[in-house]
Amino acid sequence: MAEGTLFSSNLSTLFAEVALPVPIDKLFTYRVPAAIADRVKRGQRVIVPFGQKKILTGIIATLHTKPPKEYEAKPILELLDETEIIYDHQFSLYEWIAQYYMCTLGEVLQAALPSGLKLSSESMIQLRPDFVLENSSFDFSEKERLLLDRLKAEVLSYTEAAKLLEARSIYHILKSLSSKEAIILFEEVKEKYKPKTERRIRLHKNYADKKALETLFEKLAAKPKQEAVVLHYLQHVPVFNNQKLNEQGLRKLLLLKSDVSESSINTLVKQKILEEFEVIVPRFGFPDSHHLPPVMLNEAQEAARNQILAAFQNQEVVLLHGVTGSGKTEIYIDLVRKALEGGSQALLLLPEIAITTQIVLRLKKMFGSEMGVYHSRFSDNERVEVWNGVLTGKFRFVVGVRSAVFLPFDNLGLIIVDEEHDASYKQQDPAPRYQARDVAQVIARQHHAKVVLGSATPSLESYYHALQGRYGYVQLTQRFGNAQLPAIVFADVTQERKSKTIKGDFTATLIRSINATLEKSEQVILFQNRRGYSPLVQCEDCQWVPKCINCAVSLTYHQYRHALVCHYCGYREDLPTQCPTCSSKRILTLGYGTEKLEEELKFHFPNAQVQRMDLDTTRSRSGYETIIEAFEKGETQILVGTQMVTKGLDFDRVSLVGVFDTDRMIHFPDFRSYERAFQLIMQVSGRAGRRETTGTVILQTANPKHELFRYIATNNVTGFLNDQLHDRQTHLYPPFTRLIDITLKHTDKKVVTAAATQLVNVLRKELPATKIMGPGEPMISKIRNEFLMLVLLKIKRDQGKLPEVKQIILQTAARLQQVKEYRSVKVVFDVDPV
């Protein structure tokens, strides 16, 4: 019988192989109780015991009748779903991700399922049924008596009991009460997902006709506050025009906003004149959309759209290379509309939440209630609602960040990956370290769907595949409307320092341009890819630099916190008033981040409204929306930020973009540094002059004649890509090879160095055709009190047998960790690192 079908209850004892969200590379066998044997099937959630005390949520992977030989299988505690929440093709996808990215199925499951679908266990405390305080021979403390008194009325969680006793830890109290046979401790499983509800008010059915209502108003004549409540209700809900309106009622919150008294409402509810009830409401207040308004494409967009559709006849993937401001979004909307009209589902992936903020407002007007939004800033409940919405068919179109690839689509026709070059599509920590752009293509093959990869600055990998004919390739070279590409101006920092025209971190060229822009009531975006006030603090006399106690990195000064902070582990300490080494009070801040630029901007332009957009100002869910809305309305004149300001944002009045620290981006010690610097500068430049006004981009650099700037100044993207492909081929880097990073971690530097050396020695024997670099210390050699050693493997694309190579690496690492002195060494794999 197929795994996905129900098993008959008259079969012998049934067992389930359950995938659990733990980093262990195996499935776990559990016995299926007879009571649920006829209802279980692959893809359902179950609650199972794990270890001595834990309770976990797992997913049934397979069903069979063969009991385990080594141990007696524990029973499944509870079946949570009536039908599957994960389809067969999703299991196949999870297994592919685990195999390709060298992690466990449990780690993939942990990343794939929204936490609201996973259940949590919490210690619960209950009074023993046979316990009577007065009959006990034991003595009880005051706190024990207080707890026992409360337990007579209700069962308490550990957290609730600790709050009652005003103690952080109550383990000793619980241990004492258990020994006195007064309480029972047990695990209560609580489902995290709760639907959103709304309190509503409606007129009691006894008053739903005119005669009864007239009698009611006579009764309330002497009670003006209560009368006002009923009148306000009838203004909002004309019950006599439509009786069904009264059944739906009115939001209690809306009634309270009408300046009526809540106590009057409660009194009317008690008197059964009004009824208060609760309804489940969707978390996404998108309007219903019964027809999709057509998207008006210009000639160039229409030609590009037609080329994409033509390419789909022969290829699954098309690379849309369109300059910034060319209107790729309109093409996306048109393609999504066609997919939905054809009865398919569609997925639009975006790299950053910052981009979703602006584009979602636009898309929801087009697609209404058919569209769901999925990203990490949403609460657990909101993500579960989107998951269930896709599962039930409510959301046929989803806009999301990389984790949206795990959603349970069953009829996906189109996947669009916007800004496909962006490094945000690659998960870093924890595992699985997947690349959503590549996973999207695997999903597309499962569904026989099509993929559009869109970018103004395509990744070298995607561009190479297009050149090789693996992808279709469509170019969009014109900006939308009458917009022209911005003029590029280089501000020579070295020259201005010599002539002493530089002011703080601003060249005179940039200051003049900002002044001219503000005078025209236009807006400015400034990009500095470093947050905080200053990346380095130093004693002027002895050159002491404060460093993190947990990581091999200097601390960054954040002025708004007045603290030194580690951006790797979060450690913080106060800025010292004097040097701890020589007692000098001459403590300098060196370099600059977005926070310092914000301060200098307020000094240079006191009449301008300046806003900063980086991780520190956007930690709250509404942080992005607030900043972007203020800038969009023109309330903010200058926006300074990190990478967030470079991507996908579209503002009419921005005519000037300034880029700081370009030299640091270019010379970062990484083989992708030229590609990343080029992409970032080109992307942020694209924010300028997106309408009739021609924009200007000012790049502050000490080397205006650098070869990279030649491509930027002429907007020669393909020339840059071809040049970089030549370098990559010469030095054996992607796309001509596949890379696997192996990072070893341990609290003892000698141990991790010896382990890395032994691993490399064995791998060189096992994989003679593979180029292995290292072991060596990475640029940051210690993070969170663990020393790091890095090994890099370069595997030629024509070498073949990639799964076999990965298996050898995994087996070698496993054997290494069986050696006594290396058992506590952590080994982390990163396939296709970015």
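**Exercise 1.** Is Tyr473 buried, partly exposed or exposed, and at what relative accessibility?

*Solution.* Begin with the cut-offs: buried means under 20% relative accessible area, exposed means over 50%, and partly exposed lies in between, with a 1.4 Å probe and protein chains only. Tyr473 has 30% relative accessibility, so Tyr473 counts as partly exposed. Tyr463, by contrast, has a relative accessible area of 4% and is therefore buried.

Before going on, note that this is a predicted model, in which local features need pLDDT of at least 70 and side-chain atom pairs count only at pLDDT 80 or more, while totals for chains, interfaces and linings use all residues. Residues are numbered from 1 along each chain as its sequence is written, and side-chain values use heavy atoms, with hydrogens and water left out.

**Exercise 2.** State the mean pLDDT of the protein chain, and find what the pLDDT is over residues 1-10.

*Solution.* The term pLDDT is the predictor's confidence in each residue, from 0 to 100. The mean for the protein chain is 88, and 92% of its residues reach 70 or more. Over residues 1-10, however, the pLDDT is below 50, although this stretch has 21 contacts in the model beyond near neighbours in sequence, where contact means heavy atoms within 4.5 Å. Where pLDDT is low, the predicted coordinates should not be read in detail.

**Exercise 3.** Describe the aromatic pair formed by Tyr463 and Tyr473, and then the pair formed by Phe631 and Phe651.

*Solution.* Rings of Phe, Tyr and Trp (its six-membered ring) pair if their centres lie within 6.5 Å; planes under 30 degrees apart count as stacked, over 60 as edge-to-face and the rest as tilted. By this rule there are 18 aromatic pairs. For Tyr463 and Tyr473 the centres are 6.1 Å apart and the planes make an angle of 75 degrees, which is edge-to-face. The next step is to place the two residues: Tyr463 is in helix α16 (residues 460-467) and Tyr473 in strand β19 (residues 472-476), ten residues apart. Helices (H or I, at least four residues) and strands (E, at least two) are DSSP runs, numbered from the N terminus.

Phe631 and Phe651 are also edge-to-face, at 4.8 Å centre to centre and with 90 degrees between the planes. Phe631 belongs to helix α20 (residues 623-632), whereas Phe651 lies in the loop between β28 (638-641) and β29 (654-659), so the pair ties together parts that are 20 residues apart in sequence. Both Phe631 and Phe651 are buried.

**Exercise 4.** Which residues of helix α3 are buried, and how are they arranged around its axis?

*Solution.* In α3 (residues 142-151), the buried residues are Glu144, Leu147, Leu148 and Leu151. Seen down the axis of α3, these residues fall within an arc of 100 degrees (taken from the directions from the helix axis to the C-beta atoms), so they line one face of the helix. An α-helix has 3.6 residues a turn, so residues three or four places apart point the same way.

**Exercise 5.** Work out the surroundings of Tyr557, beginning with the strand in which Tyr557 is found.

*Solution.* Tyr557 is in strand β23 (residues 556-558), and with a relative accessible area of 6% Tyr557 is buried. Val537 is 20 residues away in sequence, yet the C-alpha atoms of Tyr557 and Val537 are 7.0 Å apart in space. Not counting residues up to four places away in sequence, Tyr557 touches nine residues' worth of neighbours that include Gly532, Val537, His562 and Leu575. The side chain of Tyr557 also makes a polar contact with the side chain of His562, at 3.3 Å; a polar contact is a pair of N or O atoms within 3.5 Å, and within protein one must be able to donate a hydrogen and the other to accept it, while residues adjacent in sequence count only if both atoms are side-chain atoms.

**Exercise 6.** Where does Met102 lie, and what is its phi?

*Solution.* Met102 lies in the loop between α1 (88-100) and α2 (105-112). The phi of Met102 is near 55 degrees, a positive value in a residue other than glycine. Most residues other than glycine have a negative phi, and most peptide bonds are trans. At 6% relative accessibility, Met102 counts as buried. Met102 is also among the contacts of Ile809, as are Ile740 and Phe829.
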